[in-house]
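Me: I am new to this structure and would like a close look at a single part of it. Could you walk me through that part slowly, and then show me how the rest fits around it?

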Amino acid sequence: MTALNRVPSLMARAGTASALTIAAVGGTLVVPGAASEAAAAAHATKALRIAASKKGSPYAWGATGPYRFDCSGLTLYSFKKAGKKLPRTAAQQYNKTRHVSAGSRKAGDLVFFHSGRSVYHVGIYAGKGKIWHAPKTGDVVRLQKIWTSNVSYGRVR
């Protein structure tokens with residue numbers, strides 16, 4: 001039973017109830033977008049765990065897992081396993097995400113590396129200035145400190 005159902009006279013007198021009134025009578029306040037942000041955070045956290053579980057998997061250009069990955073293949077695989085669909089390439093993933101500032105970044109956000117206007121690499125932000133990524137030929141999926149300031153961040157919706 002919601003606060004508005006328990007206190008019908010409140011609605012009749014005021015026409016609407018303020019957030020403070022609802023909170024005072026023990027109701028639930030629904031904030032537009034809050035549920036979708038919470039769901040996005042849950043998917044991002046799961047994707048981050050999946051990427052971390054692939055530690056040591058070899059890099060292979062064009063590979064999308066489950067045993068070999070390129071950079072966007074790792075992000076694609078991780079988010080797919082977490083229940084979210086991403087396009088194939090780093091540039092396409094950049095265009096598909098909601099861009100966030102460095103100050104607003106959260107673990108599970110995508111980190112896009114760019115040269116000028118070209119996105120050339122992507123990883124999953126792990127917090128504390130580090131990402132999980134598949135770096136390059138001859139390397140493996142690993143956790144690494146972000147090495148440049150030429151990055152932007154995107155949140156998978």
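Me: In which strand is the place of Arg155?

Reply: Happy to help, and a word on the ground rules comes before the tour. This is a predicted model, in which local features need pLDDT of at least 70 and side-chain atom pairs count only at pLDDT 80 or more, while totals for chains, interfaces and linings use all residues. Residues are numbered from 1 along each chain as its sequence is written, and side-chain values use heavy atoms, with hydrogens and water left out.

Now to your residue. Arg155 has its place in strand E6, which covers residues 151-155. Helices (H or I, at least four residues) and strands (E, at least two) are DSSP runs, numbered from the N terminus. Arg155 is buried, with a relative accessible area of 11%. Here buried means under 20% relative accessible area, exposed means over 50%, and partly exposed is in between (1.4 Å probe, protein chains only).

What surrounds Arg155? Leaving aside neighbours within four places in sequence, Arg155 is in contact with Glu37, Thr97, Arg98, Val100, Ser104, Arg105, Lys106 and Asp109. A contact means heavy atoms within 4.5 Å. Take Thr97 from that list: Arg155 and Thr97 are 58 residues apart in sequence, and their C-alpha atoms are 5.3 Å apart in space. Ser104 takes part through its backbone, since its backbone oxygen lies 2.8 Å from a polar atom of the Arg155 side chain.

The partner to look at next is Asp109. Arg155 forms a salt bridge with Asp109, with the closest N and O atoms 2.8 Å apart. A salt bridge is a side-chain nitrogen of Lys or Arg within 4 Å of a carboxyl oxygen of Asp or Glu. Arg155 lies in strand E6 and Asp109 in the loop between strand E1 (98-100) and E2, so the pair ties together parts that are 46 residues apart in sequence. The side chains of these two residues also make a polar contact, at 2.8 Å. That term stands for a pair of N or O atoms within 3.5 Å; within protein, one must be able to donate a hydrogen and the other to accept it, and residues adjacent in sequence count only if both atoms are side-chain atoms.

Asp109 counts as buried, at 1% relative accessibility. Beyond residues up to four places away in sequence, Asp109 touches Val100, Ser104, Gly123, Ile124, Tyr125, Gly154 and Arg155. Val100 and Ser104 are thus in contact with Asp109 and also with Arg155.

From here we can step outward. The structure holds 3 salt bridges. One of them joins the side chains of Asp70 and Arg88 (2.8 Å, N to O). Asp70 lies in the loop between H4 and H5 and Arg88 in the loop between H5 and helix H6 (90-96), so this pair ties together parts 18 residues apart in sequence. Asp70 is buried, with a relative accessible area of 7%, whereas Arg88 counts as partly exposed at 27%. Another salt bridge links the side chains of Asp139 and Arg142 (2.9 Å, N to O).

Ile124, a neighbour of Asp109, leads us to the nonpolar interior. The largest nonpolar core has 24 residues, and those with the most contacts inside it include Ile124, Phe79, Leu86 and Leu110. A nonpolar core is a set of buried Ala, Val, Leu, Ile, Met, Phe, Trp, Tyr and Cys residues joined through side-chain atoms within 4.5 Å. Helix H4 (34-53), helix H5 (71-81), strand E2 (110-115) and strand E3 (118-127) each supply at least two residues of this core. A second, separate core of 8 residues includes Val111, Ile146, Val151 and Tyr153.

Strand E3 also holds His121, which counts as buried at 5% relative accessibility. The side chains of His121 and His133 are joined by a polar contact of 2.7 Å.

Finally, here is the whole chain. There are 6 helices and 6 strands, and from the N terminus on they run α-α-α-α-α-α-β-β-β-β-β-β. Of the 157 residues, 38% count as buried. The mean pLDDT is 85, and 78% of the residues reach 70 or more; pLDDT is the predictor's confidence in each residue, from 0 to 100. Over residues 1-25 the pLDDT is below 50. Where pLDDT is low, the predicted coordinates should not be read in detail.
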